[in-house]
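Reader: Before I rely on any label attached to this model, I would like to see how each one follows from its definition. Could we go through them one at a time?

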Amino acid sequence: MKNQLKNKFYVTTSIPYVNDKPHIGHLLEFVQADTLARYHRGKDEDTFLLTGTDEHGQKIFEAAAKLGEDPKEFAGKNSDEFRKLAQAIGMSNDYFVRTTDDRHKLAAQKLWQACEKDIYKGEYEGLYCVGCERYYTESESEDEYCPIHETKLSKLKMESYFFAQSKYKDKLLTLINTGEFRILPEKRKNEMLTFIESLTDVSISRPKTQLEWGVEVPGDSEHVMYVWFDALSNYISAIGYADDSEMFEKFWPADVHVVGKDIARFHTILWPAMLMSAGLQVPKSVYVHPFINSGGQKMSKSLGNVIDPFEIINKYGVDPVRYFLLRYIPSNNDGDFNNDRFEKAYNADLANNLGNLVSRTIAMLVKYNDGQFNQVKVNSLSQLEGCISHCQFDKYLEEVFAHLDSLNGAIEENKPWELAKSDLSKAIEFLSGLACELTMMAEYLSPFMPDTSEKILTTFANSTVNTEVGILFPRIDS
Ligand code: ZN
């Protein structure tokens, strides 16, 4: 049936800036976006998962120059670290965008031209250090002092293009209030609604004398695009805005942008305003994820509590790390990662609850019925789809694991080892129910813990237990 098009689902992470190594916050974002993509792929939707890196800016240019390296190559080396992290956690991304790629630059320029009616030249007042011969943003400076020279920065004006985002205030408010453009969770939506009230226009270029490493402004070789205009356009450049209209039309608008709370404003205000200006649809939703602390404090090198994402994957394995991040970093509040907390959750939920349930079911089916079981109808869990559509990963897993808990409870209550002596067929029926329940739970867990899910599905395929799985989650003894 040609007309029955499959649903599509387009989900993105934000693109990390390559001036530093990947941290656990990137890992959380990768895992969340990947889980959404896997969930929708599992429903046979045409799914596209995008991640990538943001590679322009003076910091990258200067760091490369110090090493005598080409800035794109330098950025590429750091970009590879993010690619490696995506692979290490089993991310199923369909594409990896780099803002230094030609197709991205062309798309950013095309978008600029499409927004031209709302772009005007003005003067930007910035904080300048004469010693460094450069401007600093307020976040880069400390109380308007140069971080290198520790001298007071002077306020200087420079020419800049501005984007008239304030023109889109009313339209944006309507889109948000009608739910056509969703900002999740609710408290972030309310924060953004407050910001929108005091919306001003935004500087979107720098003279090349200030910033050499960027996408040139179309029609003005003296200017390059400043940070957000360039970076945000990755979400359309990667799906062919400038070079593949068929693909672009298929996937745009994005269904979900997954972003950190520090950059929510750019994604929920500037980005939709740019798109409206260009005559494009706004994304359907932006999910703003929280931050991860360690031992109750923000991670910092000086505190020595920085968690290396590669290290925890190597130590604990892919699925346990995915599980912990999705279940125990609350979807709407900052959460804490430390080894103690991780190991407690691992032992309780994965080793004792899920792992033990699988082992007991296998062992009893082998003992009482040669590993055979009947297909029994089991009830589905009703809240899960709602959790996914609101990016409530923690609630989803809570529900699945509460059910697993109740299955372990049912074993204690029904005592199949005693039942087998008095009524074998009843015992087999009960154990068959467990096998079918586990199959369904494995399907539910598939987007969250793909490897574990696969193992459980293989264990209970074709009404016969496959005993090769062994122990899913060996206990951690600390
Ligand atoms: Zn300086």
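Author: In this predicted model, the protein chain carries 52 positive and 71 negative side chains, and the centres of the two sets lie 2 Å apart.

Reader: What makes a side chain count as positive or negative here?

Author: Lys and Arg are counted as positive, Asp and Glu as negative, whereas His and the chain ends are left out, so the figures of 52 and 71 refer to those four residue types.

Reader: Why is Thr452 called buried or exposed?

Author: The relative accessible area of Thr452 is 5%, and buried means under 20%, so Thr452 is called buried. Thr452 is placed in helix H18, which covers residues 450–459, and, leaving aside neighbours within four places in sequence, Thr452 is in contact with Asp319, Leu354, Leu472 and Phe473.

Reader: What makes Asp255 buried or exposed, given that Asp255 sits in a loop?

Author: The loop in question runs between helix H9 (245–251) and strand S12 (256–260), but the label rests on area: Asp255 has a relative accessible area of 9%, and the limit for buried is under 20%, therefore Asp255 is buried. Across the protein chain, buried residues make up 54% of the 478 residues.

Reader: How do you know which residues Asp255 touches, beyond its neighbours within four places in sequence?

Author: Contact means heavy atoms within 4.5 Å, and by that test Asp255 is in contact with Lys8, Phe9, Tyr10, Lys284 and Ser285. Asp255 and Lys8 are 247 residues apart in sequence, yet their C-alpha atoms are 8.8 Å apart in space; the contact test concerns heavy atoms, so the C-alpha distance does not decide it.

Reader: What makes a set of residues a nonpolar core?

Author: The members must be buried residues of the listed types, among them Leu, Tyr, Val and Phe, joined through side-chain atoms within 4.5 Å. The largest such core has 91 residues, and those with the most contacts inside it are Leu325, Leu354, Tyr396, Val400, Phe401 and Phe460. This core draws at least three residues from each of domain 1 (8–289) and domain 2 (317–469). A second, separate core of 55 residues includes Phe48, Met192, Leu275 and Val282.

Reader: Which residues does Leu354 contact, leaving aside neighbours within four places in sequence?

Author: Leu354 is in contact with Asp349, Phe401, Leu404, Leu438, Leu445, Met449, Thr452, Ile456 and Phe473.

How values were computed:
Residues are numbered from 1 along each chain as its sequence is written. This is a predicted model: local features need pLDDT of at least 70, side-chain atom pairs count only at pLDDT 80 or more; totals for chains, interfaces and linings use all residues. Side-chain values use heavy atoms; hydrogens and water are left out. Buried means under 20% relative accessible area, exposed over 50%, partly exposed in between (1.4 Å probe, protein chains only). The place of a charge is taken as NZ of Lys, CZ of Arg, CG of Asp or CD of Glu. Helices (H or I, at least four residues) and strands (E, at least two) are DSSP runs, numbered from the N terminus. Domain bounds come from an automatic or database domain assignment.
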